[in-house]
Amino acid sequence: MTVTIVGSQLGDEGKGGVVDLYGDAVDVVARYQGGDNAGHTVVHDGEKYKLSLVPSGAVRGKVGVLGNGCVVNPETLFDEIDTLRDRDLEPDVRVAERAHVILPYHRALDGIEEDEKEDLAAGTTGRGIGPTYEDKAGRRGVRVGDLLDPDVLRERLEYVVPQKRALAEDVFDKRTGEEFDVEHLYETYREYGERLANEGMVVDCGTFLQERIDAGENVMLEGAQGTSIDIDHGIYPYVTSSNPTAGGASVGTGLGPTVVGQGEVIGIVKAYLSRVGTGPLPTELGGVEGQTPDYDPEEGSDDEEEQLATYIRDEGGEYGTVTGRPRRVGWLDMPMLRHAARANGFTGLAINHIDVLAGLEEVNVGHAYEFDGEEILTMPATTEKWGRCEATFRSFDGWPAVDWESVAEDGYDAIPENARTYLEYVAAELEAPIYAVGVGPGREETVVVENPYSNN
Ligand code: IMP
């Protein structure tokens, strides 16, 4: 069977912890979109591993697959694999032949275009994600399979690279170097192709996964980022360029939607909100310079909201794994979650980081929005409208900090009562049961209510 893991907010909901938690029963973990913009830290046998592309399950001896919906930077891929090998692990990573390759000019253009866009900039991770998906849709991309066929690789590069160089030089008035040089790219990427072939890493993803499912193995489909930065269902244009929503799990792996739909779809929810990047955020507390629109740090520096934001940011370690940027934080946004529950069809929820909010006198939730004088319960379809929404809050009594490790051992009823009230409100609003509750960053600090792999 498959279990699909989806971020229900803006990314960084703690998906890695849940992937890890259910991972023991899993044979194969496949990522279905995104690239090395998705930072995750894995702790295994007391060792910390920072990864951005290799699926975390690969650290634990599972097969990790990068699906056809992913964009793959071979340099990052091999760096991560080599680092893991240096630390005596033998990760088994497969890459879809149909996945698109991030080339150095994609990264260069990501930076150039972000600078140019000013207010429309998404605050990208600068990894070349958007430009690579653009080329995929424009039918001028280079796919993993092309790296293994030198003639095809040369033909693709000879077509696309002069266009990219002209874009950088003539449109954006930039000087270009070897990242826009056909010969250099051909030699470098042909070598990556040889290594991929020699190590037997390239697979026809859908067939590979279906065979494992038919053999009775457990497959996990892991989304990166989150629903509100999905290119179709998110806060366009402040989004990533792929589909983290559950539909992406089918398109991005080659498994049929009926196969994915027969399994479970678990929404990962952070008990508050955090965001790297620009655009509106109706439940935001305080602000972050360079990311919060019209934010003036001088004005806000002493106020209570700002202090609360700093407290949550520090307690929750809300700094980007890939970029180290401080994240914007806010109260839980229920319209955002209702939108996610519908778009993904969650069969269960994992709610993380309730420990981060412990010790606050009261915990607020953006229950609805007021939009042009009306109450609405879900997100409007344009970001401009979303920016005009004012959150209307519900207040919950806070809960104390307790020994969360023993709570995780003792189970759901050991969670402080006020926190359970909060959790049950979320589950009722989203009409989906709670499968797990994250009470701390460690692997053991999760209360497991249901294990989807043992439901079968
Ligand atoms: P890109 O994916 O690098 O193109 O960035 C586009 C938007 O998605 C930016 O606002 C990023 O901050 C955001 N983003 C990309 N990856 C992640 C992630 O893993 N977590 C949270 N935000 C992300």
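How far does a polar side-chain atom of glutamine 225 lie from a nitrogen atom of the ligand? The distance is 3.2 Å. The close-ups below come from a predicted model.

**View 1. Polar contacts reach the ligand from aspartate 12, alanine 122 and glutamine 225**. Aspartate 12 uses its side chain: an N or O atom there is 3.2 Å from a nitrogen atom of the ligand. Alanine 122 uses its backbone instead. One of its backbone N or O atoms lies 2.7 Å from a ligand oxygen atom. Glutamine 225 offers a polar side-chain atom to a ligand nitrogen atom. The protein buries 96% of the 460 Å² that the ligand exposes when taken alone.

**View 2. A shell of 17 residues lies around the ligand**. Asp12, Asn37, Ala122, Thr125 and Thr240 come nearest. Sort the shell by class and it holds seven nonpolar residues, seven polar residues and three charged residues.

**View 3. Phenylalanine 396 and tyrosine 422 form an aromatic pair**. A search of the whole structure finds six aromatic pairs. In this one, the ring centres are 5.4 Å apart. The planes meet at 90°, and the pair is edge-to-face. Phenylalanine 396 sits in strand E19, which covers residues 390-397. Tyrosine 422 sits in helix H16, which covers residues 417-430. The pair therefore ties together parts that are 26 residues apart in sequence. Are these two rings' residues buried or exposed? Phenylalanine 396 has 12% relative accessibility, so it counts as buried. Tyrosine 422 has 1%, so it counts as buried too.

**View 4. Phenylalanine 396 also pairs with tyrosine 425**. Here the ring centres are 5.0 Å apart. The planes stand at 55°, so the pair is tilted. Edge-to-face would need an angle over 60 degrees. This pair links distant parts of the chain, with phenylalanine 396 in strand E19 and tyrosine 425 in helix H16. The two residues are 29 apart. Tyrosine 425 counts as buried because its relative accessibility is 10%, and the cut-off for buried is under 20%.

**View 5. Four aromatic residues join in a cluster**. Its members are Phe396, Trp399, Tyr422 and Tyr425. Ring pairs link them. Phenylalanine 396 takes part in the pair with tyrosine 422 and in the pair with tyrosine 425.

**View 6. Arginine 154 lies over the face of a ring**. Which residue carries the ring under arginine 154? The ring belongs to tyrosine 186. Arginine 154 is 4.1 Å from the ring centre.

Terms used:
Residues numbered from 1 in each chain as written. Predicted model: local features only at pLDDT ≥ 70, side-chain atom pairs only at ≥ 80, totals over all residues. Heavy atoms only, no water. Phe/Tyr/Trp six-rings, centres within 6.5 Å; stacked < 30°, edge-to-face > 60°. Helix = DSSP H or I, 4+ residues; strand = E, 2+ residues; numbered from the N terminus. Buried < 20%, exposed > 50% of the residue type's maximum accessible area, 1.4 Å probe, protein only. Lys NZ or Arg CZ within 6 Å of the ring centre and 35° of its normal. Near = heavy atom within 4 Å. Polar contact = N/O pair within 3.5 Å; in protein donor to acceptor, adjacent residues only side chain to side chain. Areas by Shrake-Rupley, 256 points an atom, 1.4 Å probe, with all protein chains shown as cover. Nonpolar A, V, L, I, M, F, W, Y, C, P; charged D, E, K, R; others polar.
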